[in-house]
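The following exercises are to be worked with the sequence and the model at hand. Each task is followed by a solution in steps.

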Amino acid sequence: MKYENFSAKKLQICAFFSNFAPKMDNLYRHLYHWYEINHRILPWRETEDPYAIWLSEIILQQTRVAQGMAYYMRFIARWPRVEDLAAADEAEVLREWQGLGYYSRARNLHKAAKQIVEQCTMNNVQCTKGSTICFPKTFEEIRALPGVGDYTAGAIASFAYNMPYPAVDGNVYRVVARLLDIDEAFDTSAGKKLFRKKIEELLDRENPRLFNSAIMEFGALHCTPVLGDACLSCPLQECCLGYAHGTAELLPVRKPRPKVRDRWFTYHIYLCGDETLIRRREEKDIWYHLYEFPCTEGQTDDKYPFTHILSHQKIHARFMVHRVQKMPEIPGTICIPWEDLNAYALSRLTLRALDTLPHKA
Ligand code: SF4
């Protein structure tokens, strides 16, 4: 039995969460105090503009803050209002997104902006500069936007409108799994349901904006995947069942990862004078609507110097240069000046290859 050898003190700690209500104030007090002293100044946490918060949340999906910051600043400077983004071409948005990966996020962002503005126009609502009156105001409306899941909808609803919805990202799953010593995998449907229920019980309904910000930041900065000595200086230590049971380092639990698929790409860089050939990926596959050099797929030998890891695929690639007198006719390609390559949204792999190739290959 898990709790058999517990000291009286530890049993008292276990009672912390069974006698929830009177103790929750303690948890909030320690957490908010920690947050006040330690939180990072992030531009999207200093605003209540739902458009800016939504933009930051989409950029930060699967992206570290350090990398996402520059993208956020560029997007908000170029398209300060949702209607500015809606009026942009998808190609411009993809171009600005270049290098961030997971391009479906950018496509959905643009699609959602157009949808919001269309809805606004239908309802005859006037958007004024800096105003956010266009943006959906209920959790359900926000959740219905393309590219918005439960986490993002909860984040926007709580950060922008202080509405009592949890925002459960990977950091929150980790902190809650440890605080409550939950050894159910958080990424199964049963696990998600269980965690959601527990987090809804934990949520500070009077201060959802502060609670969500604080617990996310606490997971990002203090209760990190590798704990080291973090528990020893942790303000939540006395409330933490994972610490009390010695299981914190093992949590959270994930379901086994799916097998990664290997693919081999050979890119052909045709050079004819100052021109080259590129094509836009139209297949429902990775890098949809991004540009790249003509490509053939399939492994012929072991000489693929580039490895590019995606969530479920491992791409092995090579780039072969062909100097030609006349461009070959390859369906779906366009011939462009080499200098214009930067004007097209290229996949991260292509950008990496270009960095290593001498000028004009
Ligand atoms: S005691 Fe350790 S595991 Fe528990 S919340 Fe603090 S840092 Fe996380």
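**Exercise 1. Unusual backbone geometry**

Task: In which loop is proline 252 placed, and what kind of peptide bond joins leucine 251 and proline 252?

Solution. Proline 252 lies in the loop between α13 and β1 (261-272); helices (H or I, at least four residues) and strands (E, at least two) are DSSP runs, numbered from the N terminus. The bond that joins leucine 251 to proline 252 is a cis peptide bond, with omega of about 5 degrees.

Before continuing, note the basis of the numbers. This is a predicted model, in which local features need pLDDT of at least 70 and side-chain atom pairs count only at pLDDT 80 or more, while totals for chains, interfaces and linings use all residues. Residues are numbered from 1 along each chain as its sequence is written.

Task: Where is asparagine 162, and is it buried, exposed or partly exposed?

Solution. Step one: asparagine 162 belongs to the loop between α9 (150-161) and α10. Step two: its phi is positive, about 55 degrees, although the residue is not a glycine. Most residues other than glycine have a negative phi, and most peptide bonds are trans. Step three: asparagine 162 has 14 C-beta neighbours inside 10 Å and therefore counts as partly exposed. (A residue is buried if 20 or more other C-beta atoms lie within 10 Å of its own, exposed if 12 or fewer, and partly exposed in between; C-beta atoms are placed from the backbone.)

Task: What is the phi of histidine 289, and where is this residue placed?

Solution. Histidine 289, which is not a glycine either, has a positive phi of about 70 degrees. Its place is in the loop between β2 (275-280) and β3 (291-292). With 15 other C-beta atoms within 10 Å, histidine 289 is partly exposed.

**Exercise 2. Helix pairs**

Task: How are the axes of α10 and α12 oriented, and which residues make the contact?

Solution. Step one: the axes of α10 and helix α12 (residues 208-221) come within 8 Å and cross at roughly 85 degrees. Axes are lines fitted to C-alpha atoms, for helices over the stretch in contact, and angles run from 0 to 180 degrees between N-to-C directions. Step two: α10 is therefore roughly perpendicular to α12 (under 35 degrees is roughly parallel, over 145 roughly antiparallel, 65 to 115 roughly perpendicular, the rest oblique). Step three: Asn171, Val172, Arg174 and Val175 of α10 meet Ile215, Met216, Phe218, Gly219 and Ala220 of α12, contact requiring C-beta atoms, placed from the backbone, within 7 Å. Step four: these residues divide into six nonpolar, two polar and one charged. (Ala, Val, Leu, Ile, Met, Phe, Trp, Tyr, Cys and Pro count as nonpolar, Asp, Glu, Lys and Arg as charged, and the others, Gly among them, as polar.)

Task: At what angle do the axes of α6 and α7 cross?

Solution. Helix α6 (residues 90-97) and helix α7 (residues 104-122) have axes that come within 9 Å and cross at roughly 140 degrees, so the two are oblique to each other. Glu90, Val93, Leu94 and Trp97 in α6 meet Ala106, Arg107, Leu109 and His110 in α7. Five of the contact residues are nonpolar, one is polar and two are charged.

**Exercise 3. The ligand shell**

Task: Which helix gives the most to the shell around the ligand?

Solution. The ligand is surrounded by 15 residues, the closest being Cys223, Cys231, Cys234, Cys240 and Ala248; a residue is near if its C-beta atom, placed from the backbone, lies within 6 Å. α10 (170-180) and α13 (241-245) each supply at least two shell residues, and α10 gives the most, with three. The shell comprises eleven nonpolar, three polar and one charged residue.

Notes:
Two residues are in contact if their C-beta atoms, placed from the backbone, lie within 7 Å.
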